Amino acid sequence: MVDGKSSAGAGGSLASNPPAVSVRGLWKVYGPNPLSIVGSPDAKLSRSELRAKTGCTAAVSDVSFDVAPGEVFVVMGLSGSGKSTLIRCLTRLVEPTAGEIFLDGEDISKATPQRLRELRRQHFSMVFQHFGLLPHRKVIDNIAYPLEINGMKKTERHARANEVIELVGLHGYAHAFPEQLSGGMQQRVGLARALAVDPQVLFLDEPFSALDPLIRRDMQQEIIRLHRELGKTMVFITHDLSEAVKVGDRIAIMRDGAVVQIGTPEELVANPIDDYVANFVRDIAKSHVLTLRYLARLAQPGDDIDGPELAANIIIRDAAEIILQTHKPVRVMENGKVLGIVSSEDVLRLISGVA
């Protein structure tokens, strides 16, 4: 995450730890004889051309990625890009046409209905845009519901529910009914219910889209706080890039069912792969995303290289005050070595849009 970024998902963690989620060649095709589309030349047609020629729509088209343990992996795209279908395939609420989905090494695309129920009860949880709370049950019983389904006794499940109530900031509301709560608090109940079973992976499908901007911002901060405290692996769907940048370690951008680019927020903002991605990131303030590593340059003749030291992974926005107040370029340090220098002029050029 940009705010208090975890180390799990950025860079080399996937090389040192087996992925928590691994997706390989995933397809979801709607229409007649969908398997005939998988990997065929027709799959390269535009959606309208494919529909006109075959009557099929490729909602998810040959998607592959890994999610590291403890990573917040965000999938985003425009409406119709396939992101919600993708997460429903990952949880098998929608059956994939082809491909493999591994959760901690187990291919859930081959799981029996019984095994899938076990995984949903114990291994992963889902949070959706619409809260789906039971209106006739109090908050504590809504949160404890998945534990009840798992056969846990009432005293035990209420004890666990009370723990999660404290965790998500619902103290004092255990015996309220959903209709007595604001939208943001109802979503906290939904989040608490998902956390009650202590899942290894959380799937969140645009969980805050129905909330007003202020409550949405609060819930984004809540996700950041919970991730910092619990370290859960999360796959988070959103159409809002500012939300993706705020909560995500890495972001996958989708278009017409396919993944266009995957990278950290800094990588996407600094090096968009094409105009589609560039249009997504153009309204994001670079100084709020990029680190000093991006601005660091080799010293030139006449540069003063005896300035203060700052770490390469500091967000430029957070370093700007120090850089602008010092009369010398700062030295950008990584692993005890000088990557380069950054001057106040470098920062001002970035902020003004010249860099």
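R92 sits in the loop that links α3 (83–90) to β4 (98–103). In this predicted model, the backbone at R92 does something a little out of the ordinary: phi is near 60°, a positive value in a residue other than glycine. As a reminder, most residues other than glycine have a negative phi. R92 also counts as buried, because its relative accessibility is 12% and the cut-off for buried is under 20%.

A second case turns up at E206, in the loop between β7 and α8. Here phi is near 45°, again a positive value in a residue other than glycine. E206 comes out at 13% relative accessibility, so it counts as buried.

The loop holding E206 leads on to the sheet that contains β7. Six strands make up this open sheet, in the order β6-β7-β8-β3-β9-β10, and their pairing is mixed. At the edges are β6 (124–128) and β10 (258–263), each of which pairs on one side only. On average, neighbouring strands in this sheet are turned by 15° against each other, direction ignored. Strands of a sheet pair through backbone hydrogen bonds, either parallel or antiparallel. For β7 (residues 201–205) and β8 (residues 233–238), the arrangement is parallel, with five bridges joining the two. Within this pair, F203 has V235 of β8 standing opposite.

Helix α8 (residues 213–230) belongs in the same picture. The helix lies across β3 (72–77), β7 and β8. Relative to β8, the run of α8 is at about 160°.

Next come two helices that pack against each other. Such a pair is described by the angle between the axes and the distance between them. For α5 (residues 139–149) and α7 (residues 183–195), the axes come within 7 Å and cross at roughly 35°. The crossing of α5 past α7 is right-handed. On the α5 side, the residues that meet the partner helix are V139, N142, I143 and P146, while α7 brings in V189, A192 and R193. By character, the residues of this contact divide into five nonpolar, one polar and one charged.

The model also has an open sheet of three strands, ordered β11-β12-β13, and the pairing here is mixed too. Both β11 (309–311) and β13 (337–342) stand at the edges with a single partner strand each, so one side of each is left without a neighbour in the sheet. Neighbouring strands of this three-stranded sheet are turned by 40° against each other on average, direction ignored. Strand β12 (residues 330–334) pairs with β13 in the antiparallel sense, over five bridges. One of the residues involved is R331, whose bridge partner in β13 is I341.

Finally, there is a side-chain pairing to point out at D66, a residue of strand β2 (residues 57–67). With a relative accessibility of 18%, D66 counts as buried, because the cut-off for that label is under 20%. The side chain of D66 is joined to that of R24 by a polar contact of 3.0 Å.

Conventions
Residues are numbered from 1 along each chain as its sequence is written. This is a predicted model: local features need pLDDT of at least 70, side-chain atom pairs count only at pLDDT 80 or more; totals for chains, interfaces and linings use all residues. Side-chain values use heavy atoms; hydrogens and water are left out. Axes are lines fitted to C-alpha atoms, for helices over the stretch in contact, and angles run from 0 to 180 degrees between N-to-C directions. Helices (H or I, at least four residues) and strands (E, at least two) are DSSP runs, numbered from the N terminus. A crossing is left-handed if the near helix is turned anticlockwise from the far one by less than a right angle, and right-handed if clockwise. Contact means heavy atoms within 4.5 Å. Ala, Val, Leu, Ile, Met, Phe, Trp, Tyr, Cys and Pro count as nonpolar, Asp, Glu, Lys and Arg as charged, and the others, Gly among them, as polar. Two strands pair if DSSP finds at least two bridges between them. Buried means under 20% relative accessible area, exposed over 50%, partly exposed in between (1.4 Å probe, protein chains only). A polar contact is a pair of N or O atoms within 3.5 Å; within protein, one must be able to donate a hydrogen and the other to accept it, and residues adjacent in sequence count only if both atoms are side-chain atoms.
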